Amino acid sequence: MTDFDLVIRNGRIATASDDFTADIGISGGRIVTLGQHLRAGADEIDATGKLILPGGIDAHCHFDQPMSDGSEMADDFASGTRSAAFGGTTTVIPFACQQKGQSLRAAVDDYHARAAGKPVIDYAFHLIVTDPTEQVLGQELPALIRDGYTSFKIYTTYDDLKLHDRQILDVLALARREGAMTMVHAENSDAIAWLTEKLELAGKTAPKYHADARPAIAEREATHRAISLAEIVDVPLLVVHVSGQEAMEQIAAAQTKGLSIYAETCPQYLFLTAANLDLDGFEGAKHICSPPPRDAANQEHVWRGLKNGTFQIFSSDHAPFRYDGPKGKKAHGTDASFVHVPNGIPGVETRMPLLFSEGVGKGRISLNRFVELTATNAAKLYGLYPRKGTIAIGSDADIVIWDPSREVTITNDILHHNVDYTPYEGRKITGWPETVISRGDIVVRDAQLQSQPGRGVFLECGMPGIPR
Ligand code: DUC
Ligand code: ZN
Ligand code: ZN
């Protein structure tokens, strides 16, 4: 006779606000007891010397997203969530993307069909709104918000995705009426198109020119504009994948003014620079993403923003394109202009280990802040808290047992995505997720996947809550 399905003993539990040693009793997929000397569980894990953290929430990743340029994402919901789980993540929020002319509901139905039977961990959807027609704004979006799709991304760039300012105002007004969260990809489209034309006319088409075509000033302008539009409407806004100082200054100024402006950054802005786009041959294409990585000074600025609260969320922006093969980075050959290289880099599995090693391990951020950035704030901002994002009685037992002293050299061989490279090849880090538990099920243990595709459940999100 046992009292719990699973007991985790003697670990150091860290949440966004607390840090203490206790046993965790888990039954029915939930945390039911926190205490000392708990009675026996059907299964037991001794976590002496380990950290017990809330499973990560990767609130910005792309799996099996249909692309309009003929490229194809290498990860579907099976390989993407498998890779996420091995990296300590127990919830992912990828994007159901509306094609222009398509109904939003059809995009959501299609994305559910793509996910069906595949995820090993739990998942929710953000929406991408590219065609805010009267029907979409008046009926589809309000109904979808009520059905648990409470956040959506809008774009200021990419011809097949971008909205004009007036459309952005319409979407923001809808978000205000319905209490939803709007995320924005902020880069000035016309500036990018103009610069790209000049670069191509000058024969400057190698991967490194991607960074020149999308300068920080283009990101700064669009960030400022998006914030201004949100201020006009008086609605919260979350600026995603912020690359450095210029955009951060706009965000910090708005926050100081008391506006509800939130911001996300990603590993590529801490660990890559524009120099990575200038590797030999076509190798730089591996690091093409938008906004592009900047320079060492911007990396330091991003670290400061993670520490001082400019950023609430640290996501991967995992956008998985293979380097080789007909649907990835080299789809148009190795002489192709940067314009034809699909934008995005993989990172769903390395997100938490990189931030832990270089952030917590090197004293740049506290352990509590790490938890906040990788799990808790995403749960709050996207309406999943306190079911997800913390360790508390009643919460889902989504837990990662972290070995803080394990030394790992990142190579693509040890990762579990379907991409044929990692931008972090050869990087040495300290700290690694050892055991990953999702709703009480051990999903990863002893470096083995213990769960079948399809065990992950879809999460309807509640209304966004605002982190302190
Ligand atoms: N924006 C994203 O959010 N992800 C990948 C590429 C991009 O431009
Ligand atoms: Zn984007
Ligand atoms: Zn993205």
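## Where the ligand sits

Which pocket does ligand 1 sit in? In this predicted model, ligand 1 occupies the largest pocket, whose volume is about 940 Å³.

Let's look at the walls. The largest pocket has a lining of 42 residues, with D69, Y158, D160, R214 and N343 lying nearest its centre. Three elements each give two or more residues to this lining: β11 (151-155), α5 (189-201) and α6 (209-213). Helix α5 has the largest share, at four residues. Sorted by class, the lining holds 18 nonpolar, 17 polar and seven charged residues.

## Around ligand 1

The shell around ligand 1 is made up of H60, H62, K153, Y158, H185, H241, S290, D317, A319 and N343. Six of these shell residues are polar, two are nonpolar and two are charged.

Some distances may be handy for your setup. One oxygen atom of ligand 1 lies 2.4 Å from a side-chain N or O atom of Y158, and an oxygen atom of the ligand is 3.0 Å from such an atom in the side chain of H60. On the nitrogen side, a ligand nitrogen is 2.8 Å from an N or O atom in the D317 side chain. Ligand 1 taken alone exposes 240 Å², and the protein buries 94% of that area.

## The second largest pocket

There is another pocket to visit. The second largest one has a volume of about 190 Å³, and its lining consists of F86, E349, R406, I414, H416, W432, P433, E434, V444, D446 and A447.

Strand β17 (residues 428-438) contributes the most here, with three residues. By class, this lining has six nonpolar, four charged and one polar residue.

Terms used
Residues are numbered from 1 along each chain as its sequence is written. Chains are lettered from A and ligands numbered from 1 in the order in which they are written. This is a predicted model: local features need pLDDT of at least 70, side-chain atom pairs count only at pLDDT 80 or more; totals for chains, interfaces and linings use all residues. Side-chain values use heavy atoms; hydrogens and water are left out. A residue is near a molecule or strand if one of its heavy atoms lies within 4 Å of it. A polar contact is a pair of N or O atoms within 3.5 Å; within protein, one must be able to donate a hydrogen and the other to accept it, and residues adjacent in sequence count only if both atoms are side-chain atoms. Accessible areas come from the Shrake-Rupley method with a 1.4 Å probe; for residues, only the protein chains shown count as cover. On a 1 Å grid over the protein atoms alone, a cavity is a set of points where a 1.4 Å probe fits but cannot get out, and a pocket is an open set with protein on both sides within 12 Å along at least five of seven lines; lining residues have an atom within 4 Å of a point. A molecule sits in a cavity or pocket if more than half of its atoms lie within 2 Å of its grid points. Ala, Val, Leu, Ile, Met, Phe, Trp, Tyr, Cys and Pro count as nonpolar, Asp, Glu, Lys and Arg as charged, and the others, Gly among them, as polar. Grid points are joined across faces, edges and corners, and a volume is the space filled by probe spheres set on the points.
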